[in-house]
Amino acid sequence: MTLNAELSRRIYTDMWRIRLFEEEALRQTSLGSVKGTLHTYCGEEAIAVAVCAHLRDDDYVLGTHRSHGHCLAKGAPMDRMMAELFGRATGSCRAKGGSMHIADFSRNILGANGIVAGGIGPGTGTALASRIRKSDQVSVVFFGDGAAARGPFHEGLLFGSLWKLPVVYVCENNGYQQWVPRKNVAVVDSVADMAASYAIPGVSVDGQDLEAVYDAAGVAVERARRGEGPTLIEARTYRFYGHSLGDMEEYRSREEVDDWRENRDPIKLFSAWMKERQWLGDDEDEAIQAEVKVEVARSVAYAEESPLPEPEDVLTDVLDTEWRVSA
Amino acid sequence: MRTIALRDALREALHEEMARDESVFVIGEDVIAHGGPYTVTQGIVDKWPDRIFETPIAEAGIVGLGVGAALAGMRPVVEIMYVDFITCAMDEVVNQAAKMRYMTGGQASVPIVIRLPCGPARLVAAQHSQIMESWFMHVPGLQVAAPSTPYDAKGLMKTAIRSPDPVAFFEYKALYVSEGGVPEEDYVIPFGKADIKREGEDATVVAIGGMVPRALEAGIALEDEGYDIEVVDPRTLAPLDMETICESVRRTGRAVVCEMDSSFAGTGAEIAAALAEQCFHDLRAPIVRVGSPHVPMPFAEELVNVTVPDAGDVSAAVRKVMA
Ligand SMILES: Cc1ncc(C[n+]2csc(CCOP(=O)(O)OP(=O)(O)O)c2C)c(N)n1
Ligand SMILES: [Mg+2]
C-alpha cells in the first residue's frame, strides 16, 4: 500500500505517541515514579512506525533494550506499558519485566530484550513456525547496529536465508553502541552490506525519512509474505537522548546532537512532508499532539491508580503450575 | 590505613599488575569510554594505550580471544559488562578455558581473569541482575573469587592476575562504592583462604559476596537479642576453604549459610552439604540456608525486595538455628 493522507496521519500520530510517552517516562523518572533504567527511542520513531504500518495484528515483532517504540507501533496499549514502567500489577508484564522486557503477546509483540542480538534467533524461529504451519505471518526483528557483531546475528541470518523464512531483519544503525562510536568497533560502515554473506537483499535507508523506511519495509514484508525469504534493512538513525539514564554523553558533541534534533528530527521532517502534500494542516497537527498528550496523561493516571504487585507474585509465572501430565 | 571504594581498589590492582607484568592486558566492551560502566578500567588507556582493547559487542569473541592470548603467554583481564552476558561465551569459558590444562595432560596454562559484575542493582530485572557463582563452581578447572570488601577485592584480583589458571571474578555491583581500608603497599590474598569478618560464639554465619555486609548488619542487630554470631567470608568459592568454616562451626555448633543468589542448587548447598559431612556431630541444630527464592529477578522494587535476602533474613535464620 502506498502512503495516503489517512495512513500518514495515523503513522504521524504514532510517532508522537512514542515521543511523548517516552518524554513523560523520563519526567516520571525524575519524579521518582518510574524506577530502573530507560533506553529511549526518541529520534528513531520513523523506523518502528513505518515498518509496523505494513504488519498485520498476527505478524510477530521482536525488539531490543530500546523497544518502547516497537511496542507502541505494533499496538501495545500505552496505559499498560506506563503501568509496567511504574512497576504496577497492571503492567504489561505484571511488573516483572520493566522497560527492558516489555512484551504483549496478545499483539504478537514477543518482547523487548535485554541481551543485544537476543531477538534475532527467536525472531527467525517465529518465522520457521510460520513456515511449518503454512501460515503467511511475517516476523520482524529489530536490533541495533551493535547486534551485527554477535554470533546470533550471523547464525540467524544464515538460517533465515537457508530456509527462505518469512522474516525481516531491521537494523537501527544509530552510529553508537552504548558509549562507543560504531566506527571504532566495526569494519563495514553499512550493516546492509553484511546481507551479501547470507545471499539476501540488504538495503540501507535514511531512517529519519519515513517514506524511505516505509517503502523499503513494504518491499521486504511483501517478499517475506510471498515466501521468498528474508531481507536485511539498515535504517540510519540517531538517538536524541543518552544510551540509558545517567549517560554523561562524553562520546559525542552537543553540536552533533543539536544538529540532529534541529535538522533530522523524523517527526518534524514527516510533518513538513505531509504539509507539503496538504495532508496535514497546522490545526490538525496541533490537534494530533493534543490528543496524544491526553492519551499519555491517561496512561499516567492509569499507572498511578493501579495497585502495586503483591509480594507473593514473586513466586508465580516461573513455570505453568496448572499443567499436569495425564498418565 | 587509607579508606577507598571497592571499584578503586580493583582499579589499583589492575594498574599495579599492568605495571609489574607487561603480559597483562585488558579487553572488554566500553572499557575505554569512562573506564567501563563501573570505572574500574579508567586511566589504563593513558598509560598503556596498546594494552587495552575496547571491543565490539561480541562476548564469545572477547573471551575466545582472551583464551587464545592466555595460551600464548599473555595475561588477559576480560570485562563482561554484566555477568548475565557471560552465557553468550559459555563455550569459551567451559570448553576452552577451563579444561585446557587437563585435556592436554598439563601442557596448557590459561591465565585469564574474567571479571563478572553481578547482582541486583538499580532495578534492571531478570537479564541484568544475576549472580551465577555456582554455575562456575561446578566447572572443574575454574577458580571462583567473590570479594566483599575493597581489601579483599584488591588482594584477590592480584592473585587472580598472577594465577596460571582461569579465574571467574565476581564483583557485586552494589558493593562497588562501598569503602574500606586498603594498604598502599603490595599484597596478595591467597585463594582458598576464608576470612572471619566478625568473631562470635553462638552461631556461624557463612556469607558470600554481597551478603557479607548484610550478615554483619544482622550481627549488630542480633546483639540486642543476646546472640553473638561469627561471620565467615569464604572469599573464594573454588577453591573453598572448608577448613576455616568447619573450625568455626565446631566452636559454635550452629550454622547459617547465606548467598544472594537462588539457594536451590547454589553455593550454599555445597557448603551446607560439606558441613553435614564434616561437622554433623558438632551441629546442635539443622543448618539453615538463606538465599533468594528460585525465581528470575523481577523488575518492581517491591518484588525485588522480597526476592533478595537482607539482614532481616539473616537474623531470622540465626533465630531459627538458636531456637
Ligand atoms: C550480549 C550483551 N552484551 C552487552 C550488553 C550491554 N549493552 C546493552 S545495549 C548495548 C549497546 C547496544 O548497541 P546497539 O546494538 O547499537 O543498540 P543501541 O543501543 O544503539 O540502540 C550494550 C553494549 C547487552 N545488553 N547484551
Ligand atoms: Mg547503536
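Start at the magnesium ion (ligand 2): its protein donors are D145(A) through OD, N174(A) through OD1 and Y176(A) through O, lying 2.1 Å from it. Keep in mind that this is a predicted model.

Now colour the donors along the sequence. Their spacing reads D-x28-N-x1-Y. Select D145(A) and Y176(A) together. This pair links distant parts of the chain, 31 residues apart. D145(A) sits in the loop between β2 (139-144) and α6 (151-162) of chain A. Y176(A) belongs to strand β4 (residues 176-177) of chain A.

Switch on the surface. Are these two residues buried or exposed? D145(A) has 2% relative accessibility, so it counts as buried. Y176(A) is buried as well, with a relative accessible area of 10%.

Leave the metal and turn to the empty space inside. There are two cavities of 30 Å³ or more.

Go to the largest cavity. Its volume is about 50 Å³. From chain A, select G36(A), T37(A), G97(A), G98(A), S99(A), M100(A) and H101(A). Add L123(B), V124(B), A125(B) and F299(B) from chain B to complete the lining. Which classes make up this wall? Five lining residues are nonpolar, six are polar and none is charged.

Move on to the second largest cavity, which holds about 30 Å³ of space. Both chains appear in its lining too: pick Q177(A), V180(A) and V185(A), then E29(B), D30(B), T55(B) and I57(B). By class, this lining has three nonpolar, two polar and two charged residues. Show E29(B) and D30(B) as sticks to finish; both line this second largest cavity.

Notes:
Residues numbered from 1 in each chain as written. Chains lettered and ligands numbered in written order. Predicted model: local features only at pLDDT ≥ 70, side-chain atom pairs only at ≥ 80, totals over all residues. Heavy atoms only, no water. 1 Å grid on protein atoms, 1.4 Å probe; cavity = no way out; pocket = protein on both sides within 12 Å on 5 of 7 lines; lining within 4 Å. Points joined across faces, edges and corners; volume = space filled by probe spheres on them. Nonpolar A, V, L, I, M, F, W, Y, C, P; charged D, E, K, R; others polar. Donors = N, O, S within 2.8 Å, 3.2 Å for Na, K, Ca; no water. Helix = DSSP H or I, 4+ residues; strand = E, 2+ residues; numbered from the N terminus. Buried < 20%, exposed > 50% of the residue type's maximum accessible area, 1.4 Å probe, protein only.
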